[in-house]
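Visitor: I'd like to talk through the empty spaces in this model before I set anything up. Can we start with the enclosed one and work outwards?

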Amino acid sequence: MNIHPAPLNRRRLLGLGLGAGGAALLAACGDSGPSDKVTGAGRNAGPAATSYTGPNVTLAFWNGFTGGDGPFMKKLIDQFNAENPNIKVTMNVYQWVDYYQKVPAAVATGNGPDLGIMHVDHVATNAARGVILPLEDLAKTLGLTESSFSPPVWRAGVYRDTRYAIPLDVHPLGMFYNKTVLEKAGLDPAAPPLTADTYLSALEQLKSKGVQGHWATPFPFTGQMQFSSLLWQYGGQLFDEQGTKPLFAEQPGVQALTWLTDLVKNGHSPKNVAQDADVVALRNGKNAFNWNGIWTINTLREDKALQWGVAPLPQIGSQKAAWAGSHQFVQFKQKQADENKLAAGKVFINWISQHSIEWAKAGQVPARKDIRDSADFTALTEQAAIGTQIDYLQFLPATPGISDAMATVDTAVNEAILLRKEPAKALADAAGKASSILESNRKKYGA
């Protein structure tokens, strides 16, 4: 996702664009599926992935980095091209919602890019439709394993026991807080509340000072992400491991959505919070806490007068958990395999991964553990604070079309936070619809 300051409605569209529209286009692509015996993509194509000594090649690299992150990636590409004169990488950038429509259509006609970035919840869908190639060989050649990254993000790039993606970053939710508002309410701005009891106590103290401390947003950005985080904290899951059955309407989900709706009912949040009004209120001193994505770092940095901080999400439930997205590298299927391009593309992926501290400066948490453990990353105070959640981040099951079913969760969260339905009813209704979508997707993708 484009996770930097941008027009507010565009961020919302990015979240919504991960669903049915992209999946429908993939279904129309008509590829035979993830097996790609013609291209030999499962083999180690060409030289080792640390260097390329073949003839000059030009690689088309597509992504959706249209915001403040784009120039950081362009700078990295320029450096890579300078250091690798026999490889020229060109970057095409689209809005993510357009990107996910263009890519499968381009691949189907033989005009697809060589390389790309995909959000982790799109990997299985594109693998199932034969749009992207396996990257098992790259991982093995470089000796990359789960311990090179973190268990959640590493496993998220696997579909049907085959790796199709190499993680570049994670972009989790964190808790942003207004230090001035906390101080005025008699709270310690250097010690934000990180447990259920201290968090609710802080909200009560803020309320006594006339401040609604945590505005509950009914939109996917970030109401659904907050709900998902709380559900996982209460020990629940959105879906079963295979992505065949919705589980979000069970007791942990009801607890999570009740906690959010109680913010409204108990006066800690106004009703009918508009899209992104919660983070605007934080900047304007109208609330104290905002659970938002790492992209908010750059938004708040723009306000030089604002005294703010960021911390991991408070642990409201029985365990730590947080929603996260992840940008992952993929290679696309070509009508006729070019072993030199495949090999050069792997060198590019490896090089960017190794230089991802520069990408972190764009407002990301690098997926690679050695980069996260470096002094350079620790010096990025805000990113490092959110990055401490790396081992308990959660991702959707690697199931084709799973984002279609997630759209029903968006609706349930919206209905409950707007007090149009009780949490249990909203979730039960959504689960019924999600079951039908999952069944339909099993037929569509042959899973």
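Guide: In this predicted model, helix α14, which spans residues 339–354, gives the largest share of the lining of the largest cavity, namely three residues.

Visitor: How many residues line the largest cavity, and which lie nearest its centre?

Guide: The lining of the largest cavity is made up of 13 residues, and those nearest the centre are Asp114, Phe332, Gln334, Lys341 and Leu342.

Visitor: And by class, what does that lining have?

Guide: Sorted by class, the lining of the largest cavity has six nonpolar residues, together with four polar and three charged ones.

Visitor: How much space lies in it, and how many cavities of 30 Å³ or more does the structure hold?

Guide: The largest cavity holds about 100 Å³ of space, and the structure has three cavities of 30 Å³ or more.

Visitor: OK, pockets now. How much space lies in the largest one?

Guide: The largest pocket contains about 780 Å³ of space. It is lined by 30 residues, with Glu241, Gln242, Leu396, Pro397 and Ala398 closest to its centre.

Visitor: Which elements give two or more residues to that lining?

Guide: The elements that do so are α7 (151–155), β4 (158–159), β13 (393–394) and α20 (423–445). Of the lining of the largest pocket, α20 supplies the largest share, with four residues.

Visitor: How do the lining residues divide by class there?

Guide: For the largest pocket, the lining divides into 17 nonpolar residues, seven polar ones and six charged ones.

Visitor: Changing topic: what is the mean pLDDT of the chain?

Guide: The mean pLDDT of the chain is 90, with 89% of the residues reaching 70 or more. Over residues 1–47, however, the pLDDT is below 50, although this stretch has 115 contacts in the model beyond near neighbours in sequence.

Visitor: Stepping back to the whole chain, how many helices and strands are there, and what share of the residues is buried?

Guide: The chain has 20 helices and 13 strands, and buried residues account for 60% of its 447 residues.

Visitor: What about contacts along the sequence, and how much area does the chain expose?

Guide: If one takes the contacts between residues at least 6 apart in sequence, 80% of them join residues at least 24 apart. As for area, the chain exposes about 16700 Å², of which carbon and sulfur atoms supply 50%.

Methods: Residues are numbered from 1 along each chain as its sequence is written. This is a predicted model: local features need pLDDT of at least 70, side-chain atom pairs count only at pLDDT 80 or more; totals for chains, interfaces and linings use all residues. Side-chain values use heavy atoms; hydrogens and water are left out. Buried means under 20% relative accessible area, exposed over 50%, partly exposed in between (1.4 Å probe, protein chains only). Contact means heavy atoms within 4.5 Å. Accessible areas come from the Shrake-Rupley method with a 1.4 Å probe; for residues, only the protein chains shown count as cover. On a 1 Å grid over the protein atoms alone, a cavity is a set of points where a 1.4 Å probe fits but cannot get out, and a pocket is an open set with protein on both sides within 12 Å along at least five of seven lines; lining residues have an atom within 4 Å of a point. Grid points are joined across faces, edges and corners, and a volume is the space filled by probe spheres set on the points. Ala, Val, Leu, Ile, Met, Phe, Trp, Tyr, Cys and Pro count as nonpolar, Asp, Glu, Lys and Arg as charged, and the others, Gly among them, as polar. pLDDT is the predictor's confidence in each residue, from 0 to 100.
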